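Work through the exercises below with the sequence and the 3D view open. Each task is followed by its solution in steps.

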Amino acid sequence: TNHAEMVMNISVFDASGREVAKLANGELINIGTRNFNYSLSNDLSSGTYLLVVTAGDQTAVQTFSIVK
């Protein structure tokens, strides 16, 4: 990779820690702000989930809920 690119992974985990979706798997992206639109409501049951985004050496975790 060059200095303007990094590897990104995006995963969704359920409350028991099981990975239930992988939205990006080692994709090489240009550094900068990105918007991603995914509809998981058809794939996942009602509940609370963790969205884990790893880009380069940084990781961010966000909790979200699906209510049906």
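Two strands pair if DSSP finds at least two bridges between them. Strands (E, at least two residues) are DSSP runs, numbered from the N terminus. This is a predicted model, in which local features need pLDDT of at least 70 and side-chain atom pairs count only at pLDDT 80 or more, while totals for chains, interfaces and linings use all residues. Residues are numbered from 1 along each chain as its sequence is written, and side-chain values use heavy atoms, with hydrogens and water left out.

**Exercise 1.** Find the bridge partners of M6 and I10 in β2, and describe how β1 and β2 are connected.

Step 1. Strand β1 covers residues 5-13 and is joined to β2 by nine bridges.
Step 2. M6 has I29 as its bridge partner, and I10 has A24.
Step 3. The two strands run antiparallel and form a hairpin with five residues between them. In the turn, G17 has a positive phi of about 90°.

**Exercise 2.** Give the strand order of the sheet and explain why one side of β2 and of β4 is left without a neighbour.

Step 1. On its other side, β1 is joined to β3 by six bridges, again antiparallel; F13, for example, has L50 as its partner in β3.
Step 2. The order in this open sheet of four strands is β2-β1-β3-β4, with antiparallel pairing.
Step 3. β2 (19-30) and β4 (58-66) stand at the edges with a single partner strand each, so one side of each has no neighbour in the sheet.

**Exercise 3.** Find the salt bridges (a side-chain nitrogen of Lys or Arg within 4 Å of a carboxyl oxygen of Asp or Glu) and state how accessible their residues are.

Step 1. The count comes to two.
Step 2. R18 pairs with D14, the closest N and O atoms being 3.2 Å apart. E19 and K22 meet at 3.3 Å, N to O.
Step 3. Buried means under 20% relative accessible area, exposed over 50%, and partly exposed in between (1.4 Å probe, protein chains only).
Step 4. R18 is exposed at 52%, whereas D14 is buried at 14%. E19 is partly exposed at 38%, and K22 is partly exposed at 40%.
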